[in-house]
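Please work through the following exercises with the sequence and the structure at hand, and try each task before you read the solution beneath it.

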Amino acid sequence: MEATRNETKPVWVYIIFRKNHCSGHEKMTVNISFDGPIFWKRQVAYIYCCSCHFDEHEGPLMAILEKFEQRVERVCLVDKPVDYPFLPDSLFSYMANKMPKLQFIYLRELDLEKINRGTVVELANHPNLKKVIVHLCRNYEVLEDFRNLPQLLVVKGEIMGLKAMLGDFEEEIAKSTASSSAQSSEASAHSPVPVNNGF
């Protein structure tokens, strides 16, 4: 994380939530990608959190986001399946007010019950936000009700052309997960303490 302080590249943040999906699901894992042609023009931060332990992860997660906040252009929040409204309104307000270069928000399979109308106003007034995609989420009506959020796209089924909108989202997630798994295997081979990464 210290190496990112002097960087000027745009940052894309993927926050992937998991719950009882694998051993060590309660741990938060961070993978910052720098290398390869996909990342020459940007940095990508993959943050794997546990939805059922989000109260424990919220502080460290916000500390990570604060290091990138002036460079973040894209935030993807992904949960599977839709569960309960564990994400606080303050997270969305933070994105609206502390990420001046934010252009794109993608929300998938989240319960958005905690988003306040005032926060939606803040998002709508963001000077650079171009698109908010709400995909297979619950309780998103507060976003739809606010008419001054023209960049909102609500999707209840599969998205045609999702890769074009998100870039190589699924491919990048797969590469990150494979890299984390490889690191875990290597660490396990040299240490009696198991390492749990991936999602």
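**Exercise 1. Determine how strand β1 is joined to strand β3, and then place both strands in the sheet.**

Step 1. In this predicted model, strand β1, which spans residues 11-18, and strand β3, which spans residues 43-50, run parallel and are joined by 8 bridges. One of the residue pairs is that of Tyr 14 with its bridge partner in β3, Tyr 46.

Step 2. Strand β1 is also joined to β4 by 6 bridges, and these two strands run parallel as well; here the bridge partner of Val 13 is Val 75 in β4.

Step 3. From β4 the sheet continues to β5 through 5 bridges, again with a parallel run, and Leu 77 stands opposite Leu 107 of β5.

Step 4. Taken as a whole, the sheet is open and consists of 7 strands in the order β2-β3-β1-β4-β5-β6-β7, with mixed pairing. The edges are formed by β2 (29-33) and β7 (152-155), each of which pairs on one side only, and from one strand to the next the twist averages 10 degrees.

**Exercise 2. Work out which strands helix α1 lies across, and what α1 gives to the largest nonpolar core.**

Step 1. Helix α1, residues 54-68, lies across β1, β2, β3 and β4 (72-78), and its direction is at about 170 degrees to that of β3.

Step 2. The largest nonpolar core has 43 residues, and Leu 77 and Leu 112 are those with the most contacts inside it. Two or more residues each are given to this core by β1, β3, α1, β4, α2 (89-98), β5, α3 and β6 (131-135), with the largest share, 6 residues, coming from α1.

Step 3. A second core, separate from this one, has 11 residues, including Tyr 46, Tyr 48, Cys 76 and Val 78. As background, nonpolar side chains in soluble globular proteins tend to be buried together.

Step 4. For Leu 77, once the neighbours within four places in sequence are set aside, the contacts include Ile 15, Phe 17, Leu 91, Phe 92, Met 95 and Leu 107. The strand β4 is itself mostly covered, with 6 of its 7 residues buried.

**Exercise 3. Find which residues of helix α3 are buried, and explain why they can be assigned to the same side of the helix.**

Step 1. The buried residues of α3 are Thr 119, Val 120, Leu 123 and Ala 124.

Step 2. Because these residues cover an arc of only 145 degrees around the axis, they lie on the same side of α3. The general rule behind such a pattern is that an α-helix has 3.6 residues a turn, so residues three or four places apart point the same way.

Step 3. The packing partners of the buried residues of α3 are α2, β5 and α4 (141-145).

Step 4. Helix α2 is mostly covered, since 7 of its 10 residues are buried under the cut-off of under 20% relative accessible area. The buried residues of α2, among them Leu 91, Phe 92 and Met 95, pack against α1, β4, β5 and α3.

**Exercise 4. Locate the backbone exceptions in the loops, and decide whether Glu 109 and Asn 139 are buried, partly exposed or exposed.**

Step 1. The general expectation is that most residues other than glycine have a negative phi, and that most peptide bonds are trans.

Step 2. The peptide bond from Lys 80 to Pro 81 is cis, with omega near -5 degrees, and Pro 81 is found in the loop between β4 and α2.

Step 3. Glu 109, in the loop between β5 and α3, is not a glycine and yet has a positive phi of about 55 degrees; with a relative accessible area of 14%, Glu 109 is buried.

Step 4. Asn 139, in the loop between β6 and α4, likewise has a positive phi of about 55 degrees although it is not a glycine, but Asn 139 is partly exposed, with a relative accessible area of 33%.

**Exercise 5. Place Glu 113 in the chain, and identify what it is in contact with beyond its neighbours in sequence.**

Step 1. Glu 113 is found in the loop between β5 (104-108) and α3 (117-124).

Step 2. With a relative accessible area of 54%, Glu 113 is exposed, because the cut-off for that class is over 50%.

Step 3. Leaving aside the neighbours within four places in sequence, Glu 113 is in contact with Pro 85, Arg 138 and Asn 139. The C-alpha atoms of Glu 113 and Asn 139 are separated by 5.0 Å, although these residues are 26 residues apart along the chain.

Key: Residues are numbered from 1 along each chain as its sequence is written. This is a predicted model: local features need pLDDT of at least 70, side-chain atom pairs count only at pLDDT 80 or more; totals for chains, interfaces and linings use all residues. Side-chain values use heavy atoms; hydrogens and water are left out. Two strands pair if DSSP finds at least two bridges between them. Helices (H or I, at least four residues) and strands (E, at least two) are DSSP runs, numbered from the N terminus. Axes are lines fitted to C-alpha atoms, for helices over the stretch in contact, and angles run from 0 to 180 degrees between N-to-C directions. Contact means heavy atoms within 4.5 Å. Buried means under 20% relative accessible area, exposed over 50%, partly exposed in between (1.4 Å probe, protein chains only). A nonpolar core is a set of buried Ala, Val, Leu, Ile, Met, Phe, Trp, Tyr and Cys residues joined through side-chain atoms within 4.5 Å. The arc is that of the directions from the helix axis to the C-beta atoms.
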